[in-house]
Amino acid sequence: LFLRSYNFISTEVSLLPCDNKLLFLKINMEKITPSSCLSTNQAVNQEPIVIYAFEGSHFVFKVLSAMQSRNINHYVTFVDEDNAEKRKEQLPSGGQSVPEMTVGTGKDRIIISDSEEILHWLDDTFQMNLFLTTIASELSQRASSKT
């Protein structure tokens with residue numbers, strides 16, 4: 001199950017596959033996904049997951065590919081790539097870099113920055129087996145940090 005969010009004139013809208021149909025939903029982040037459409041992983045963690053992204057970012061692609069391959073429900077929100085001040089307001093951490101991920105809403109929301117940190121959180125939380133060995137994990141970290 002793969003969710004995509006789109007912003008149309010400041011209204012968040014999502015396309016949600018459910019029972020072989022696409023549902024076009026206006027989403028209020030506190031009222032998410034009809035229960036009949038929950039995947040196994042979503043049932044484990046019913047908090048909304050949002051990935052903040054730039055189009056074309058290979059770091060974002062790495063996270064989205066992992067999530068899609070393991071059917072982790074999520075939304076994607078694109079942030080301003082050209083205006084640094086606007087981007088600081090759009091990213092939950094107030095930072096500059098993507099991807100960022102939020103899990104949940106309100107004061108209990110988790111914010112994770114950096115593709116490698118996101119992948120490790122997903123791997124630990126959903127037992128995704130993204131890193132089959134310690135060496136694979138270390139190589140992934142080195143590739144992300146360019147060392």
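This section describes the fold of a predicted model, with strand β4 and its surroundings at the centre of the account.

The chain contains 5 helices and 7 strands, and along the sequence these elements follow the pattern β-β-β-α-β-α-β-α-β-β-α-α. Of the 147 residues in the chain, 39% are buried. Among the contacts between residues at least 6 apart in sequence, 48% join residues that are at least 24 apart. The chain exposes about 8,800 Å², and carbon and sulfur atoms supply 50% of that area.

An open sheet of 4 strands is formed in the order β5-β4-β6-β7, and its pairing is mixed. The edge positions are held by β5 and by β7 (residues 110-113), each of which pairs on one side only. Neighbouring strands of the sheet are turned by 20° against each other on average, direction ignored. The individual pairings show how the mixed arrangement is built up. Strand β4 (residues 49-53) is joined by 4 bridges to β5 (residues 75-78), with the two strands running parallel, and in this pairing Ile51 stands opposite Val76. Strand β4 is also joined by 4 bridges to β6 (residues 100-103), here in the antiparallel sense, and Tyr52 stands opposite Glu100 of that strand. Between β6 and β7 the pairing is again antiparallel over 4 bridges, with Val103 standing opposite Ile110 of β7.

Two helices can be placed relative to this sheet. Helix α2 packs on the sheet, where it touches β4 and β5, and its direction makes about 155° with that of β4. In the connection between these two strands, β4, helix α2 (residues 58-69) and β5 make up a right-handed β-α-β unit. Helix α4, for its part, lies across β4, β6 and β7 and runs at about 130° to β7.

The burial of β4 is complete at the level of its residues: 5 of the 5 are buried, so the strand is largely enclosed by the rest of the structure. In a regular strand the side chains alternate between the two faces of the sheet. In β4 both faces are covered, since Ile49, Ile51 and Ala53 on one side are buried, as are Val50 and Tyr52 on the other. The surroundings of Ile49 illustrate this enclosure in more detail. Leaving aside neighbours within four places in sequence, Ile49 is in contact with Met67, Ile72, Asn73, His74, Tyr75, Met101, Thr102, Val103 and Phe126.

Several of these residues recur in the largest nonpolar core, which has 27 residues, and in which Ile49, Ile51, Met67, Met101, Trp121, Leu122 and Phe126 touch the most other members. The elements that give two or more residues to this core are β4, α2, β5, β6 and α4 (residues 115-126).

A few backbone features lie in the loops that connect these elements. A cis peptide bond, with omega about 0°, joins Val98 and Pro99; both Val98 and Pro99 belong to the loop between α3 and β6. Although Val98 is located in a loop, this residue has a relative accessible area of 12% and is therefore buried, the cut-off being under 20%. Apart from neighbours within four places in sequence, Val98 is in contact with Tyr52, Ala53, Phe54, Ser57, Phe59, Val60, Val79 and Leu91, and two of these, Tyr52 and Ala53, are themselves buried residues of β4. The C-alpha atoms of Val98 and Ser115, which are 17 residues apart along the chain, are separated by 7.8 Å.

Positive phi values in residues other than glycine occur at Asn71, where phi is about 55°, and at Gln127, where phi is near 45°. Asn71 is found in the loop between α2 and β5 and is partly exposed, with a relative accessible area of 41%. Gln127 is found in the loop between α4 and α5 (residues 134-145) and is exposed, with a relative accessible area of 57%.

Conventions. Residues numbered from 1 in each chain as written. Predicted model: local features only at pLDDT ≥ 70, side-chain atom pairs only at ≥ 80, totals over all residues. Heavy atoms only, no water. Buried < 20%, exposed > 50% of the residue type's maximum accessible area, 1.4 Å probe, protein only. Pairing = 2+ DSSP bridges. Right-handed = clockwise from strand over helix to strand, strands pointing away. Contact = heavy atoms within 4.5 Å. Areas by Shrake-Rupley, 256 points an atom, 1.4 Å probe, with all protein chains shown as cover. Core = buried A, V, L, I, M, F, W, Y, C linked by side-chain atoms within 4.5 Å. Axes fitted to C-alpha atoms, helices over the stretch in contact; angles between N-to-C directions.
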